[in-house]
Amino acid sequence: MRSFQLSDPYKDFTHPASRELLQSIINKQGAGLTGHDLLCVFNRHLPAGTAAECCAYLRPLFQLFRTPEDDSASQLWEDIIRIWLVQERTALEALNQYRRIIDELRRIVYDTLIPAPWQAESGAGSIESRAAMLICWMTSPWGEAETEDILNTLGTGGTAQQFILLRIFLSIKAAEPTSFAERFDAHFSNSTALYDAVLNLADYPLPPNDASGSTFVLKNTLEECGWYL
């Protein structure tokens, strides 16, 4: 029996085109899976497989999370944390996978998301993705207690960390008030870290216009921060 199976327990892939898509994912047997393939596998509230079947796809899923510049990474990260782990918790605990998955997500936070290097030529998309993924982690039951440490690391980090911090700040300001927003504001109430990040990034050398879009996003970020700071 092949190790990669998807039995469509929620009968969400009943149209001929969607059945063909699902079969094409199965046929890959875990090799060369795209972000779109994994979005189909975990499929928000209607995963394409049972908890056990989806666990076969965890290795490529974790690999995707370690490349946050992929367009699917941020959405999948939120789906896994906010939906799949909650919906499938009992089944995952029975499989002895629940804690292992959370531990691996935590390693990705500290090994990949936070220590991001700043590479202007690769664009600012991964910065925005990392910011969204970190917010999702810090507002989860497993990451809430780590909020202070993560914010401290970002506030005292390099260019990429300060850029991520400002994107988190702007995401909070653009959304409805939450307990995370309150914790964020309280953390920086007696700190100049946000101001320092703006000043440091304002001096960062970038060409007037660059193909990656980094100049545009950075300038926009600094301008928007000026509305609040």
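**Entry 1: the nonpolar core.** I began with the largest nonpolar core, which holds 75 residues, and looked up which of its members touch the most others: they are Phe42, Trp77 and Ile168. I then asked which helix gives the most to this core, and found that helix H10, residues 159-174, does so with nine residues. I note here that I am working from a predicted model, and I read every value below as computed from that model.

**Entry 2: Trp77.** As Trp77 is one of the three residues that touch the most other core members, I listed its contacts, leaving aside neighbours within four places in sequence. Trp77 is in contact with Phe65, with Leu105, Ile108, Val109 and Leu113, and with Met133, Cys136 and Trp137.

**Entry 3: H5 against H7.** Trp77 is among the H5 residues that meet H7, and I turned to this helix pair next. The axes of H5 (residues 73-87) and H7 (residues 98-113) come within 13 Å, and I recorded a crossing angle of roughly 155 degrees. An angle over 145 degrees counts as roughly antiparallel, and therefore H5 is roughly antiparallel to H7. The crossing in which H5 passes H7 is left-handed. From H5, the residues in the contact are Trp77, Ile80, Ile81, Trp84 and Leu85, and they meet Tyr98, Ile101, Ile102, Leu105, Ile108, Val109 and Leu113 of H7. I sorted these residues by character and found twelve nonpolar, no polar and no charged.

**Entry 4: Thr112.** Which helix holds Thr112? I found Thr112 in helix H7. Is Thr112 buried or exposed? Its relative accessibility is 11%, and because buried means under 20%, Thr112 counts as buried. Not counting residues up to four places away in sequence, Thr112 touches Phe65, Arg66 and Pro68, and also Arg107 and Arg130. For the pair Thr112 and Arg130 I noted a separation of 18 residues in sequence and a C-alpha to C-alpha distance of 9.0 Å. Phe65 also appears in my list for Trp77, so I marked Phe65 as a contact of both Trp77 and Thr112.

**Entry 5: the whole chain.** Lastly I stepped back to the protein chain, where I counted 13 helices and zero strands; read from the N terminus on, every element in the run is α. The C-alpha trace spans about 60 × 40 × 30 Å along its principal axes. Of the 229 residues, 47% count as buried. Among contacts with a separation of 6 or more, 69% are accounted for by residues 24 or more positions apart.

How values were computed:
Residues are numbered from 1 along each chain as its sequence is written. This is a predicted model: local features need pLDDT of at least 70, side-chain atom pairs count only at pLDDT 80 or more; totals for chains, interfaces and linings use all residues. Side-chain values use heavy atoms; hydrogens and water are left out. Axes are lines fitted to C-alpha atoms, for helices over the stretch in contact, and angles run from 0 to 180 degrees between N-to-C directions. Helices (H or I, at least four residues) and strands (E, at least two) are DSSP runs, numbered from the N terminus. Angles under 35 degrees count as roughly parallel, over 145 as roughly antiparallel, 65 to 115 as roughly perpendicular and the rest as oblique. A crossing is left-handed if the near helix is turned anticlockwise from the far one by less than a right angle, and right-handed if clockwise. Contact means heavy atoms within 4.5 Å. Ala, Val, Leu, Ile, Met, Phe, Trp, Tyr, Cys and Pro count as nonpolar, Asp, Glu, Lys and Arg as charged, and the others, Gly among them, as polar. A nonpolar core is a set of buried Ala, Val, Leu, Ile, Met, Phe, Trp, Tyr and Cys residues joined through side-chain atoms within 4.5 Å. Buried means under 20% relative accessible area, exposed over 50%, partly exposed in between (1.4 Å probe, protein chains only).
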